[in-house]
Structures are given as structure tokens and as C-alpha cells.
Amino acid sequence: MAIIRVTADGWLFAHGKRFICALGKTGTRPDKREGDGATPEGAWPLRAVFYRADRILPPVTRLPLSPIMREDGWCDDSTHPDYNRRIKLPHPARHEILWREDSLYDLILVLGYNDAPVVAGKGSAIFMHVARPGWAPTEGCVALAPMDLRDILAMATPGDAVTVTGPR
């Protein structure tokens, strides 16, 4: 099992390489809550990879891989039974749309945060995804340049984890 380490100052270390990354707009927190804008501190397994097949080629990876469909979403309504799960749209609860107009979700690595078991209000949709221009902060995810994310996915294997550390 390899550990991918993310530091609170915006660096990701994996397999002897260093990558710049964007984190949540309120930094990192050990006690993440839904909507707080923080990237959760701790160790999170790598779950699955989704990609926009209409825009990019599938990444090379040994992780479970599937294309994003127009009807794919992710429930972020902590009062709904589908909270922090991939859903099909339309959906009655508050959710994120995975088929975005921008490129942020063209490539997504789902992190195993708050999913075993899901705890209402603890945070949802914690991904590694494509960074905004200028490394603008995320809503709580880890964001990387597209080629850096592809590099990480090519090295990742089932059983690997991401460890997010707080400020020192």
C-alpha cells in the first residue's frame, strides 16, 4: 500500500514526486463538516475514478474506472438517505452535478471520506479533481493539474490511500 501525502501548504507527495495542489478555501480540518469549505485531515482510501469520455481519453489506472454520464450526481443533502453517494439525476435532494460545463470534474478520483459508514453532516463529495486556473481553492477537495492527476492515477493501486495533514 502506497501513501499519497497532502500537506496543508498545498503540496502532494506521491511515489517520490512532488505536485502542487489546491485545497479547501478554509484550509484543512480534522473535524470536517458539510459546507465548511475545508479539506478533511486524515487518511482516506482511493475508491474509484470517473472521467468525461466526451472530452478526455480514459486515464491509465489500476483503480475502478467508469465514464461520467449526463445523469450522474453526488448527494450532499445530509438529511437524505443517499447522502455522500453517487446518484442518478434528476434527484429530489440537494446534490452536485458531475457532468459539469467547466473542466473541474473531467477527471475525478473519489476519496473514501465519510463513506464507511456515512455520517450525516460530516462532509460529502471529497474528491481529487482538476484544479481551477491559478490554483483557486476548492470547496473541500484536493485539486491538481490534469497531467499531474493522470500521473498519480497511473501510479495508484487498489489499497492506496491519501493522507491529508494539517498545518504544522
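In which loop is Asp115 found? In this predicted model, Asp115 belongs to the loop between strand 11 and strand 12, and with a relative accessible area of 30% the residue is classed as partly exposed, because that value falls between the limits of 20% and 50%. When residues up to four places away in sequence are not counted, Asp115 touches Arg47 and Asn84, and the side chains of Asp115 and Arg47 are joined by a polar contact of 2.7 Å. By contrast with these contacts, the C-alpha atoms of Asp115 and Ile20 lie 27 Å apart in space, with a separation of 95 residues in sequence.

Two further backbone features belong to the loop that holds Asp115. Asn114, placed between strand 11 and strand 12, has a phi near 50°, a positive value in a residue other than glycine, and is buried, with a relative accessible area of 6%. Pro117, found in that loop as well, follows a cis peptide bond from Ala116, with omega near 0°. Most residues other than glycine have a negative phi, and most peptide bonds are trans. Comparable features occur elsewhere in the chain: Asn84, in the loop between strand 8 and strand 9, has a phi near 60°, which is likewise positive, and is buried at a relative accessible area of 5%, while the peptide bond from Leu89 to Pro90 is cis, with Pro90 in the loop between strand 9 and strand 10.

The strands on either side of the Asp115 loop pair with each other. Strand 11 (residues 107-111) and strand 12 (residues 127-130) run antiparallel and are joined by 3 bridges, with Ile108 having His129 of strand 12 as its bridge partner. Strand 12 also pairs with strand 13 (residues 142-144), here in the parallel sense and over 3 bridges, and in this pairing Val130 has Leu144 as its bridge partner.

These three strands are among the elements that give two or more residues to the largest nonpolar core, which has 28 residues and in which Leu12 and Met128 have the most contacts. Other contributors of two or more residues include strand 6 (42-51), helix 1 (146-155) and strand 14 (161-164). Apart from its neighbours within four places in sequence, Met128 is in contact with Leu12, and also with residues including Ile4, Leu109, Val142, Leu149 and Val162. A second, separate core of 12 residues includes Leu104, Ile108, Val110 and Ala125.

An open sheet of 3 strands has the order 9-8-10, with antiparallel pairing. Strand 9 and strand 10 (95-97) stand at its edges, and because each has a single partner strand, one side of each is left without a neighbour in the sheet. Neighbouring strands of this sheet are turned by 40° against each other on average, direction ignored. Between strand 8 and strand 10 there are 3 bridges in the antiparallel sense, and Cys75 stands opposite His95 in strand 10.

Asp76, in the loop between strand 8 (72-75) and strand 9 (86-88), is also linked to His95, as the side chain of Asp76 reaches the backbone nitrogen of His95 at 3.2 Å. With a relative accessible area of 12%, Asp76 is buried, because this value is under 20%. Leaving aside its neighbours within four places in sequence, Asp76 is in contact with Glu34, Tyr83, Arg94, His95, Glu96 and Ser124.

Key. Residues are numbered from 1 along each chain as its sequence is written. This is a predicted model: local features need pLDDT of at least 70, side-chain atom pairs count only at pLDDT 80 or more; totals for chains, interfaces and linings use all residues. Side-chain values use heavy atoms; hydrogens and water are left out. Two strands pair if DSSP finds at least two bridges between them. Helices (H or I, at least four residues) and strands (E, at least two) are DSSP runs, numbered from the N terminus. Buried means under 20% relative accessible area, exposed over 50%, partly exposed in between (1.4 Å probe, protein chains only). A polar contact is a pair of N or O atoms within 3.5 Å; within protein, one must be able to donate a hydrogen and the other to accept it, and residues adjacent in sequence count only if both atoms are side-chain atoms. Contact means heavy atoms within 4.5 Å. A nonpolar core is a set of buried Ala, Val, Leu, Ile, Met, Phe, Trp, Tyr and Cys residues joined through side-chain atoms within 4.5 Å. Axes are lines fitted to C-alpha atoms, for helices over the stretch in contact, and angles run from 0 to 180 degrees between N-to-C directions.
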